[in-house]
Amino acid sequence: MKKRLLLLLAGLGIVLTLAACGTKSQEDVTKDLSKKVEEAESYKAKAKMTLQMGTDPQTYDIEVWHKDPSYYRVNLVNAQKEQSQMILRNDEGVFVLTPALNKSFKFQSEWPENSSQAYLYESLVKDILEDQEAKFTAKEDQYVFETKTRYQNSQMLPTQEITLKKSDLSPVSVKVMDTEGNALVTVDFTEVKFNEKLDQSDFDMQKNMTRAQLNTVPVLAENESDEFSVMYPEYELSGVELQETEVETEDGKRVILTYKGEKSYTLIQEKAVAMETSSMATSVSGEPVDLGFTIGAMTDNTISWTYQGVEYMLASNDLTEEEMLSVAQSVQGDVVK
């Protein structure tokens, strides 16, 4: 009887040892991810991004092309609001295109290395590799990492949950969470293909602008009204009072929202004017900044962006960078004072 018990225990030990050999550790997976990024010469990905930052969820279709080492093409489309933008990076710099307005802006920027990007594979891998305190869970056919983010306003969006396929380490989903663990940004990948054939010409600014315009409905028509709904920030700063001023311009009206107090700032809104003919990209000082619902330009004390045919500029000498981003990101909900 004793001999049979010893044999049974030995057999169980062998089974457990074999099972353990088939399970990769967090260190094994991070090494595999590092190798995957190093060996991948290119990839194409499609995803749906859902934002929960306003009153109603907004969904964007995202298409990403990347060619090693630093060519990027990210197309973001919100079908419901007819909002379309593209981020390009090539040897000439970083470009943000708004096809419906025939406008393009050029940045001398380190994007996307300088911040987390929930829809870029190598950015997600970088977040995993750099977070020494990342949490790891191995499921039946997935790996799940919970990491810190590298966003400019990381205090508002401090953590993210990254889910990868075990089979090829491709991304399945990303949930970017606030301090209470609520997912404010969710990216669900529908297709990821590594080592796809891409040429440098696929990242040419003018070529992509022309291609995008063929599939874009202009947000402004010549006979369209100059009126627009004034939007107010939902992000609250204590001790500020709003003063609203409306100024007539050649192209319609300009609305100036001045918030006075210890944390003073100004938000200017006016109808965007489409360029009649194609022109060279406008050089912009500062960095492209992802506001979730659109891409803007951020300097030391301003953020400017275009959304649904309206141009916005937020300016302040009192707000921190994170407060500026929080205010700007909140100017896309319902019309509220």
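The following dialogue goes through a predicted model and asks what its labels rest on.

Trainee: What makes up the secondary structure of the protein?

Mentor: The protein has five helices and 19 strands. Of its 337 residues, 45% count as buried. Among contacts with a separation of 6 or more, 55% join residues 24 or more positions apart.

Trainee: Why is the pair of Tyr121 and Phe194 called edge-to-face?

Mentor: The ring centres of Tyr121 and Phe194 are 5.3 Å apart and the planes meet at 70°. A pair needs centres within 6.5 Å, and planes over 60 degrees apart count as edge-to-face. Both conditions hold, so Tyr121 and Phe194 are an edge-to-face pair. The structure holds 10 aromatic pairs, this being one of them.

Trainee: What does the pair of Tyr121 and Phe194 tie together?

Mentor: Tyr121 is in helix H3 (residues 121-130) and Phe194 is in strand S11 (residues 183-194), so the pair ties together parts that are 73 residues apart in sequence. Tyr121 and Phe194 are both buried. Ring pairs also bring in Tyr43, which forms a cluster with Tyr121 and Phe194.

Trainee: Why is the pair of Phe136 and Phe145 called tilted?

Mentor: The ring centres of Phe136 and Phe145 are 5.1 Å apart, with the planes at 50°. Stacked requires under 30 degrees and edge-to-face over 60. An angle of 50° meets neither condition, so the pair is tilted.

Trainee: Are Phe136 and Phe145 buried or partly exposed?

Mentor: Buried means under 20% relative accessible area, and exposed means over 50%. Phe136 has 21%, so Phe136 counts as partly exposed. Phe145 has 0%, so Phe145 counts as buried.

Trainee: How do you know that the charged end of Lys44 sits over the ring of Trp65?

Mentor: The charged end of Lys44 is 4.7 Å from the ring centre of Trp65. The distance limit is 6 Å, and the charge must also be within 35 degrees of the ring normal. Lys44 is listed as sitting over the ring, so the angle condition is met as well. Arg73 also lies over the face of Trp65, at 4.1 Å from the ring centre.

Trainee: Which residues make the contact of H2 with H3?

Mentor: Thr30, Leu33, Ser34, Lys36 and Val37 of H2 meet Tyr121, Glu122, Val125, Ile128 and Leu129 of H3. By class, this contact has six nonpolar, two polar and two charged residues. Helix H2 (residues 26-39) packs against H3 at an angle of about 145°, with the axes 10 Å apart. The crossing of H2 and H3 is left-handed.

Trainee: Why is helix H5 said to be largely enclosed by the rest of the structure?

Mentor: H5 (residues 321-329) has nine residues and eight of them are buried, so the helix is largely enclosed. The buried residues are Glu322, Glu323, Met324, Leu325, Ser326, Val327, Ala328 and Gln329. Their cover includes strand S14 (265-271), strand S16 (287-290), strand S17 (295-298), strand S18 (302-307) and strand S19 (310-315).

Trainee: What makes Thr163 buried?

Mentor: The relative accessible area of Thr163 is 6%. The limit is under 20%, so Thr163 counts as buried. Thr163 is in strand S9 (residues 159-165). Leaving out residues up to four places away in sequence, Thr163 touches Gln142, Tyr143, Val144, Ser170, Pro171, Val172 and Ser173.

Trainee: Which peptide bond leading to Pro69 or Pro112 is cis?

Mentor: The bond from Asp68 to Pro69 is cis, with omega near 5°. The bond from Trp111 to Pro112 is cis too, with omega near 5°. Pro69 is in the loop between strand S2 (58-67) and strand S3 (71-78). Pro112 is in the loop between strand S6 (103-107) and H3.

Trainee: Why are the phi values of Asn102 and Leu169 pointed out?

Mentor: Most residues other than glycine have a negative phi. Asn102 has a positive phi of about 55° and is not a glycine. Leu169, also not a glycine, has a positive phi near 65°. Asn102 lies in the loop between strand S5 (93-98) and S6, and Leu169 lies in the loop between S9 and strand S10 (171-177).

Trainee: How do you know that Asn102 and Leu169 are buried?

Mentor: The relative accessibility of Asn102 is 12%, and that of Leu169 is 8%. Buried means under 20%, so Asn102 counts as buried, and Leu169 counts as buried.

Note on methods
Residues are numbered from 1 along each chain as its sequence is written. This is a predicted model: local features need pLDDT of at least 70, side-chain atom pairs count only at pLDDT 80 or more; totals for chains, interfaces and linings use all residues. Side-chain values use heavy atoms; hydrogens and water are left out. Rings of Phe, Tyr and Trp (its six-membered ring) pair if their centres lie within 6.5 Å; planes under 30 degrees apart count as stacked, over 60 as edge-to-face and the rest as tilted. Helices (H or I, at least four residues) and strands (E, at least two) are DSSP runs, numbered from the N terminus. Buried means under 20% relative accessible area, exposed over 50%, partly exposed in between (1.4 Å probe, protein chains only). Axes are lines fitted to C-alpha atoms, for helices over the stretch in contact, and angles run from 0 to 180 degrees between N-to-C directions. A crossing is left-handed if the near helix is turned anticlockwise from the far one by less than a right angle, and right-handed if clockwise. Contact means heavy atoms within 4.5 Å. Ala, Val, Leu, Ile, Met, Phe, Trp, Tyr, Cys and Pro count as nonpolar, Asp, Glu, Lys and Arg as charged, and the others, Gly among them, as polar.
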